[in-house]
Structure formats: C-alpha cells, structure tokens
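User: I would like to learn how to read a ligand site, a helix and a surface patch in a model. Can we go through them one at a time?

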Amino acid sequence: MLNVALVGHIDHGKSTLIGRLLYDTGSLPEGKLKEIKKTCESLGRKFEFAYLVDALEEERKKQMTIETAQTFFKSEKRDYAIIDAPGHKEFLKNMVTGVSQADAAILIVDVVEGLQEQTKRHAYLLKLLGIEKLIVVINKMDLVNYEKLKFEKTRNDVVSYLKDLGIEPTCIIPISAYEGDNVVKKSEKMRWYNGPTVMRALDAIEKKEMFYHFRLPIQDEYEMGGEKIYVGNILSGEVKKGDVVKCYPEEKEVKIEKILVYENEVETAKAPQAVGIIVDSELKRGCVLGKGERPLVTRNVSSLLFSLVGDVKEGEKYLMRCVTQEVECRVEKVLEKIDINTLERLSGKELKETEIGKVELSFEKPVVVEKFNKLKELGRFVLMKEGKIIAGGIVV
Ligand code: GDP
C-alpha cells in the first residue's frame with residue numbers, strides 16, 4: 001500500500017481527481033456512481049465527482065472515527081490510500097504523530113487559476129514534512145482546449161516556486177480530472193504530452209524500504225533464577241543468540257546470551273516482537289541496543305514541533321520522552337514556524353498552540369534517535385512538563 005497525500009488550492013479539483021481515480025480503476029462500490037448521477041439529475045444539477053467522494057466519506061464516517069479522510073483504490077500494481085486534508089490541523093497532527101504517514105504527494109493546480117496562496121502553503125508544508133516524492137498535476141486542461149502553451153505557462157510558475165523551496169517534482173502532468181484525460185487513461189487530446197498518466201506516475205514511485213537494522217530500546221529489567229533479564233519491544237530488524245550488538249548511547253559492545261519470547265528460549269527474534277534478553281554485562285533502562293548502521297546519538301536534534309497545550313518557548317526546559325528514553329532538554333531556537341489554520345509563515349521565539357515549527361533542541365546527555373522518515377518509533381517524541389504532555393515532535 002502506498003499512502004499518497006493530495007493537496008492543492010480549494011476548487012482546483014482534489015475531489016474530482018479522487019472520484020476519477022476511483023471510477024477509472026474500478027474501485028467504486030457497486031451502483032454508487034449511478035445513485036449519485038440519479039440524485040444530480042433529480043436536483044437538476046451537473047454531475048460532480050465531488051458528490052461521490054462526499055457520499056463515500058459520509059458512509060465511512062459512520063464506520064470509523066479517524067480524523068483524516070482516506071480513500072482507497074487499486075491499480076494493477078498495488079493498493080493506494082489517498083490522504084485528503086479536511087483541515088490543515090488534523091492533517092498536520094496526524095502526519096506528525098504518525099497516524100497517517102504519506103509516502104508521496106500529489107499537488108494539484110488549476111491551469112486557469114495557476115499558482116494560488118494555498119498551493120504555495122501546501123507545497124511548503126510538504127517540504128517541512130520531508131515528503132520528497134511529489135507529482136504535480138495541472139488540472140482542467142479541458143477549459144483551455146488542451147493547449148500546450150497554457151500548460152507550459154502554469155507549469156513554469158509552479159516549477160519555479162517549488163525550486164525556491166528546494167523541491168523537484170518527479171513529474172508534471174497535464175490532466176482533466178473531470179473528463180478523465182491523463183488520469184488513468186492516456187489523453188487523445190494532448191498528444192504533445194509524452195509523459196506518464198497520474199496512475200503510471202504513482203505506480204512508478206518506489207516505496208521506501210523498511211528499516212532493517214536491529215533496534216531494541218530497553219524498557220525494564222527483572223531477576224529470574226539469579227539472572228538479569230532485560231525486556232523491551234524490538235522496533236526494527238532481528239537479533240540472534242550469540243550476536244554481539246552495541247548498547248547506545250555508550251556504544252559498548254554486549255553479547256546476546258539468551259533470548260526469551262513469552263518465557264521460552266528462542267534462537268532469533270525480530271520486530272515487532274516483545275522480548276526478554278540476557279546479556280554479558282549490565283544495561284541501563286532507556287538504553288537502545290542496535291546492530292548495523294549506527295543510530296543518531298546526539299545532544300542536538302533538529303525537530304518539527306507541534307504544540308499541543310500552551311506555548312513552547314525558546315530557552316525553556318522540558319523532559320523529552322522517546323520510547324523508553326527520558327532526557328531533559330532545552331528549546332534552543334525556533335527556526336521557522338507556521339500557523340496551522342492558515343498555514344501562514346510566522347516568525348517568533350515561541351510556538352503557540354496553533355503553530356508548528358522547526359525547532360532546535362539540546363539535551364542534557366546524548367539521546368538515541370533516528371530521523372522520523374527512517375524509523376517512526378525512534379523518530380517521534382513528546383515534550384513534557386510536570387508530568388503533562390506539552391508538545392509532540394519528529395526528528396527531521
Ligand atoms: P476541490 O475543492 O479541490 O476538491 O475541487 P473539486 O474537485 O470540488 O472541484 C471544484 C470544481 O471544479 C467542481 O465544480 C469540479 O467539477 C470542477 N472541476 C474539477 N476538475 C475539473 C476539470 O478537469 N475540468 C473542469 N472543467 N472542471 C473541473
């Protein structure tokens with residue numbers, strides 16, 4: 001399954017594109033399209049794919065309680081979930097807390113209206129979240145007679161704006177979501193375009209490989225029959241009896257003498273198993289055992305921070321919790337921030353409750369983390385004060 005975020009200015013055709021993708025890939029529930037067409041007719045309205053998407057969403061809302069709207073469809077190659085953003089706040093929160101993580105994004109731009117404020121803000125957001133794989137679609141080509149020159153003008157504006165942000169889209173596709181040109185079927189009306197359709201472009205995106213290096217944060221220790229057993233959940237990779245692994249942040253080598261899963265001794269264990277291990281030396285709660293690539297062991301972390309209650313201020317101290325680690329930290333600098341409701345870029349030395357920002361943190365002692373887009377569990381954390389969670393963040 002590939003998770004794709006769909007963003008763009010209001011009315012540029014997000015719902016229509018989703019409806020078209022569902023329809024042309026045969027992913028619609030039986031009879032649904034007919035039903036909506038009939039309703040439109042009886043109301044004397046033009047058929048809109050958006051009604052279809054809304055109707056599907058209504059049904060889903062009754063069954064589920066997730067905040068982001070997700071729509072599913074299938075190509076010949078694989079399954080897709082499109083993450084639509086009903087509100088920026090939910091979208092950001094879900095992205096940051098890992099509820100929904102996009103592997104790629106589609107940015108939709110109306111060929112007539114061109115680059116708009118929201119288009120820019122959404123593009124910036126993608127950049128902030130580190131989504132590197134971006135497909136740009138220039139929509140409503142039917143309104144400009146499928147003219148190449150019109151496409152090129154809008155394309156050039158978009159490309160130049162994205163370049164300033166440091167984003168290079170994987171492709172830029174002229175489409176008509178409404179008519180179905182270059183969405184799943186190649187357009188007969190734009191023979192001047194030789195690139196892929198939206199479906200092909202999505203199929204060509206390679207999902208990032210699963211992180212495979214062994215990581216086991218130590219949660220607790222027990223004594224059993226005179227032996228010390230350390231327990232925790234393996235976050236990634238696997239471990240074998242006899243392996244020599246490293247204990248971070250100290251980086252000392254330890255030998256795995258026994259592995260227990262539900263009190264039974266086993267030869268190997270892998271993510272996401274909960275294990276007990278016996279090793280040849282003392283370990284501290286909160287340390288992380290690792291093998292292969294070295295994790296980030298550092299006293300300074302660049303993060304994307306999301307304030308949940310109250311303000312997060314420069315110079316303030318918090319307790320950072322990341323899986324089993326709890327380390328005191330200080331907010332060194334708020335580098336940049338945006339308002340999550342308007343996505344307006346702001347400056348200032350604190351993050352208010354409705355803001356998200358790039359923040360430098362420093363720690364009292366080294367922490368063991370990974371970048372969020374590498375290993376979610378070791379890449380997200382919370383900041384606490386007096387036992388309460390104040391903010392959530394990811395390592396970028
Ligand atoms: P959203 O706000 O981004 O989800 O935009 P919608 O999908 O609701 O589309 C807004 C309006 O643009 C609707 O009236 C659509 O029918 C229309 N629209 C969307 N795509 C196209 C297109 O390719 N061609 C034309 N002519 N109209 C379109």
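Analyst: Start with the ligand and the classes of residue around it. This is a predicted model, and the shell around the ligand consists of five nonpolar, seven polar and five charged residues.

User: Which residues come nearest to the ligand?

Analyst: There are 17 residues around the ligand, and those that come nearest are Asp11, Lys14, Thr16, Glu48 and Asp142.

User: What polar contacts should I look at, and which parts of the residues make them?

Analyst: A polar contact here is a pair of N or O atoms within 3.5 Å. Two cases use the backbone: a polar backbone atom of Asp11 is 2.8 Å from a ligand oxygen, and one of Ser15 is 2.9 Å from a ligand oxygen. Glu48 uses its side chain, with a polar atom 2.5 Å from an oxygen of the ligand. On its own the ligand has 570 Å² of accessible area, and the protein covers 84% of that.

User: Which element gives the largest share of the shell around the ligand?

Analyst: Helix 1, residues 14–24, with three residues.

User: How do I read such a helix, and is helix 1 largely enclosed or open?

Analyst: The general idea is that an α-helix has 3.6 residues a turn, so residues three or four places apart point the same way. Next, count the residues under 20% relative accessible area, the cut-off for buried. In helix 1, nine of the eleven residues are buried, so the helix is largely enclosed by the rest of the structure. Lys14 and Thr16 are among the buried residues, as are Arg20 and Asp24; Lys14 and Thr16 also belong to the group that comes nearest to the ligand.

User: What follows helix 1?

Analyst: Gly26 follows helix 1, with a positive phi near 65°.

User: Is Asp110 buried or exposed, and where is it placed?

Analyst: Asp110 lies in strand 4, residues 104–110. It counts as buried because its relative accessibility is 5%. For its place in the fold, compare sequence with space: Asp110 and Ile175 are 65 residues apart in sequence, and their C-alpha atoms are 9.7 Å apart.

User: Now the surface. Which residues make the nonpolar patch?

Analyst: Leu308, Val309 and Ile389 make a nonpolar surface patch of about 210 Å². Val309 sits in the loop between strand 17 (296–307) and strand 18 (312–313).

User: Why does Val309 count as partly exposed?

Analyst: Partly exposed runs from 20% to 50% relative accessible area. Val309 has 39% relative accessibility, so it counts as partly exposed.

Notes: Residues numbered from 1 in each chain as written. Predicted model: local features only at pLDDT ≥ 70, side-chain atom pairs only at ≥ 80, totals over all residues. Heavy atoms only, no water. Patch = residues over 30% accessible without salt bridge, like charges linked within 9 Å, V, L, I, M, F, W, Y side chains within 5 Å. Areas by Shrake-Rupley, 256 points an atom, 1.4 Å probe, with all protein chains shown as cover. Salt bridge = Lys/Arg side-chain N within 4 Å of Asp/Glu carboxyl O. Helix = DSSP H or I, 4+ residues; strand = E, 2+ residues; numbered from the N terminus. Buried < 20%, exposed > 50% of the residue type's maximum accessible area, 1.4 Å probe, protein only. Near = heavy atom within 4 Å. Polar contact = N/O pair within 3.5 Å; in protein donor to acceptor, adjacent residues only side chain to side chain. Nonpolar A, V, L, I, M, F, W, Y, C, P; charged D, E, K, R; others polar.
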